[in-house]
Amino acid sequence: GAFYFGADDYGCDVAFYGQTATNSMIWDASANALVFVAGGITMGVASKLVIPVKSTGSTTTGDVWYDTDDKKLHYYSDSYEYTITST
């Protein structure tokens, strides 16, 4: 089933905690933002996505980065590095 928290114009904070005390994800109703405490990421109405910039690749599945050598976005998954291009 679905879970609903709060109502239109009456939100509430909702927190999800990981196994480690420093890892959590919190919906902050007063800020209208989703906060990932472990990664230091906050997403809200006027948020920007920050992508790591580096000159070498990665071997961690799920990593996304801007490569300063070829000036393109890259993604690593299942032992392969992909270049992200538009279609």
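So, β2 and β3: residues 24–28 make up strand β2, residues 33–36 make up strand β3, and the two run antiparallel to each other with four bridges between them. Keep in mind that this is a predicted model. If you want a landmark in that pair, look at Met25, which sits opposite Phe36 in β3. The hairpin of β2 and β3 has four residues between its strands, and in it Asn32 takes a positive phi, near 50°.

Okay, on to the sheet. Here we've got four strands, and going across, the order is β5-β6-β7-β8. The sheet is open, and its pairing is mixed. On the edges you'll find β5, that's 53–54, and β8, that's 80–84, each of them pairing on one side only.

Let's stay with β8 for a bit. Its pairing with β7, residues 72–77, is antiparallel and covers five bridges. One bridge to pick out there is Ser77, whose partner in β8 is Tyr80.

Now, how exposed is that Tyr80? Its relative accessibility comes out at 48%, and exposed would need over 50%, so Tyr80 counts as partly exposed.

And Tyr80 turns up again on the surface. There's a nonpolar patch of about 450 Å², and the residues making it are Val64, Tyr75, Tyr80, Tyr82 and Ile84. Which strand gives the most to that patch? That's β8, with three residues. So if you're clicking along in the viewer, go to Tyr80 in strand β8, and from there you can pick out the other patch members, including Tyr82 and Ile84.

Note on methods
Residues numbered from 1 in each chain as written. Predicted model: local features only at pLDDT ≥ 70, side-chain atom pairs only at ≥ 80, totals over all residues. Heavy atoms only, no water. Pairing = 2+ DSSP bridges. Patch = residues over 30% accessible without salt bridge, like charges linked within 9 Å, V, L, I, M, F, W, Y side chains within 5 Å. Areas by Shrake-Rupley, 256 points an atom, 1.4 Å probe, with all protein chains shown as cover. Salt bridge = Lys/Arg side-chain N within 4 Å of Asp/Glu carboxyl O. Buried < 20%, exposed > 50% of the residue type's maximum accessible area, 1.4 Å probe, protein only.
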